[in-house]
Amino acid sequence: MSNQVELYGWDAKSRDPSVVLGGKKNIRDPELQTIASTKLPDTPLAKSVLEYAKKELSTETFNHSMRVYYYGTAIHTQQFPDWRFTDETYLLACLLHDIGTTDKNICATKMSFEFYGGLLALELLSKDLHAPIEQAESVAEAVIRHQDIGETGKITTIGLLLQLATIFDNMGGHEELVHKDTIENVTRHFPRNKWSSCFAATIRKENGLKPWAHTTALGEEDFPNGVLNNKLMEPYDK
């Protein structure tokens, strides 16, 4: 089991960010971390999923997924360097976490987009690309739970990091975890292209099609409005 923990992030962390942060805004002051200084996995599996994501996702969603990778990697290396998982596994989770929101997939099921996306990720990785089942399941779990925000219980390391990075990009949450110069650098390479309004529209589409959707747990109006009022990212939301 220890090998699986180190490779694929099967380690339990509190679902409450304030617990892992020890009640502080951050563990250390963030520093600039550029895309050039951040390793992007180039394994055959990573390359295959990268190409799949480029093909299946809109440009806006693909850019968001890449920003989530780079912000999350900065959070990992600077705030939680002892968290154990491969960069490849985290990249796969980032690239696939919103696969359920494509026009094709959001209408293909009555399931909430994160849950259906987790099933798609599991099938792609385990059956089509023959990834180790422990890795495929870790990614699927993170995809399913990336909007499972709360203060009780536990979540995997990959799942919590994915939550922190998506909340940061979508709503400007936990802004003390990433240096503003890192935002400048990442958005220059992967522009937001009015991501706030794009994602808010996706939330409303999901909730309109599926009034039972898990997204409603974050607030049927509070969540899309919070995305639209992302003050941290407003200067870059062009």
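**A tour of aromatic pairs and a nonpolar patch**

Begin by selecting Trp195, which is buried in this predicted model, because its relative accessible area is 2%, well within the class that requires under 20%. Add Phe199 to the selection: with a relative accessibility of 3%, Phe199 also counts as buried. Both residues belong to helix α11, which covers residues 195-209, and they sit 4 residues apart, about one turn of the helix.

Now display the rings. A pair of aromatic rings is described by the distance of the centres and the angle of the planes. A search of the whole structure finds 8 aromatic pairs, and one of them joins Trp195 and Phe199 in a stacked arrangement, with 5.4 Å from centre to centre and 10° between the planes.

Next, select Tyr69 and Tyr70, both of which are buried. Their rings form an aromatic pair of the edge-to-face kind, with 5.1 Å between the centres and an angle of 80° between the planes. Extend the selection to Phe85, Tyr90 and Phe190, and you will have the aromatic cluster that these three residues form together with Tyr69 and Tyr70.

Finally, turn to the surface and select Met111, which you will find in the loop between α6 (103-106) and α7 (113-128). Met111 has a relative accessible area of 32% and is therefore partly exposed. Adding Phe115 and Leu119 to Met111 completes a nonpolar surface patch of about 230 Å².

Technical notes: Residues numbered from 1 in each chain as written. Predicted model: local features only at pLDDT ≥ 70, side-chain atom pairs only at ≥ 80, totals over all residues. Heavy atoms only, no water. Patch = residues over 30% accessible without salt bridge, like charges linked within 9 Å, V, L, I, M, F, W, Y side chains within 5 Å. Areas by Shrake-Rupley, 256 points an atom, 1.4 Å probe, with all protein chains shown as cover. Salt bridge = Lys/Arg side-chain N within 4 Å of Asp/Glu carboxyl O. Helix = DSSP H or I, 4+ residues; strand = E, 2+ residues; numbered from the N terminus. Buried < 20%, exposed > 50% of the residue type's maximum accessible area, 1.4 Å probe, protein only. Phe/Tyr/Trp six-rings, centres within 6.5 Å; stacked < 30°, edge-to-face > 60°.
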